Amino acid sequence: MESVNAIGRRKASVARVYLTNGSGNVSINGKKLEEYFPQKYMQLTIVDPFITVAAQNQYDLRVNVNGGGFKGQAEAIRLAVSRALVKVNEEHKKALKDKKYMTRDARVVERKKYGKPKARKSFQFSKR
């Protein structure tokens, strides 16, 4: 296997993932995983597809991610990693799909409407 790439999106984040054979190194925007995502649950979000298909320490991961916040970026990376693993081996698809890692979460922030302070919030109503 040369290199497999995939794209994942979530909210305003876009993640491009490059998967190669290796020893489990994860590099995100040129930084290590623990450096870019100091929170443990964010690190687990990214590594979970590997754990699901029992492929820890088999692949090296290089990620370019931009846009959005930390949670959106982590979930975009998770989707891209899942897609890349399915490209490597089609048999992984069922396990990843059962955990809902193959679905693009399309929920985004609703736009602000005119005459309102936010999307749905109204100004205080005064009868008199």
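Helices α2 and α3 are roughly parallel to each other, because angles under 35 degrees count as roughly parallel, over 145 as roughly antiparallel, 65 to 115 as roughly perpendicular and the rest as oblique. Let me start there. This is a predicted model, so local features need pLDDT of at least 70, side-chain atom pairs count only at pLDDT 80 or more, and totals for chains, interfaces and linings use all residues. Residues are numbered from 1 along each chain as its sequence is written, and side-chain values use heavy atoms, with hydrogens and water left out.

Back to the helix pair. Two packed helices are described by the angle between their axes and the distance between the axes. Here the angle is about 10°, and the axes of α2 and α3 are 8 Å apart. Axes are lines fitted to C-alpha atoms, for helices over the stretch in contact, and angles run from 0 to 180 degrees between N-to-C directions. Helices (H or I, at least four residues) and strands (E, at least two) are DSSP runs, numbered from the N terminus.

Who makes the contact, meaning heavy atoms within 4.5 Å? From α2, it is M42, T45, I46, P49 and F50. From α3, it is F70, K71, A74, E75, I77, R78, V81, S82 and L85. These residues divide into nine nonpolar, two polar and three charged. On that scale, Ala, Val, Leu, Ile, Met, Phe, Trp, Tyr, Cys and Pro count as nonpolar, Asp, Glu, Lys and Arg as charged, and the others, Gly among them, as polar.

Next, the sheet. Strands of a sheet pair through backbone hydrogen bonds, either parallel or antiparallel. This one is an open sheet of five strands with mixed pairing. Its order is β1-β2-β5-β3-β4. Two strands pair if DSSP finds at least two bridges between them. The edge strands, β1 and β4 (31-32), each pair on one side only.

Take β1 and β2. Strand β1 covers residues 4-10, strand β2 covers residues 13-21, and seven bridges join them in an antiparallel run. A6 stands opposite V17 in β2. The two strands form a hairpin with two residues between them.

Then β2 and β5. Eight bridges join β2 to β5, residues 59-66, again antiparallel. Where do they line up? N21 stands opposite Y59, and R16 stands opposite N64. D60 is also in β5. Beyond four places in sequence, D60 touches Y18, L19, T20, N21, G22, S23, G24 and N25. The C-alpha atoms of D60 and S122 are separated by 50 Å, with their positions 62 residues apart along the chain.

How does α3 sit on the sheet? It lies across β1, β2, β3 and β5, running at about 145° to β1.

Now the core. A nonpolar core is a set of buried Ala, Val, Leu, Ile, Met, Phe, Trp, Tyr and Cys residues joined through side-chain atoms within 4.5 Å. The largest one has 30 residues, and I28, F37, L61 and I77 touch the most other members. At least two residues each come from β1, β2, β3 (26-28), α1 (33-36), α2 (40-52), β5 and α3 (70-88). Which element gives the largest share? That is α3, with eight residues. As for I28, its contacts beyond four places in sequence are L33, Y36, F37, I46, V63, V65 and I77.

One residue of α3 deserves a slot of its own: Q73. Buried or exposed? Q73 is buried, because its relative accessibility is 7%, and buried means under 20% relative accessible area, exposed over 50%, partly exposed in between (1.4 Å probe, protein chains only). Outside its neighbours within four places, Q73 is in contact with S13, Y36, F37, V65, N66, G67 and G68.

Last, the loops and the tail. K11 is in the loop between β1 and β2. Its phi is near 50°, a positive value in a residue other than glycine. K11 has 48% relative accessibility, so it counts as partly exposed. A54 is in the loop between α2 and β5. Phi of A54 is near 55°, also positive in a residue other than glycine. At 54% relative accessibility, A54 counts as exposed.

And A106? It lies in the segment after α4 (93-98). A106 is exposed, with a relative accessible area of 60%. The C-alpha atoms of A106 and K11 are separated by 7.1 Å, although the two are 95 residues apart along the chain.

How values were computed
Contact = heavy atoms within 4.5 Å.
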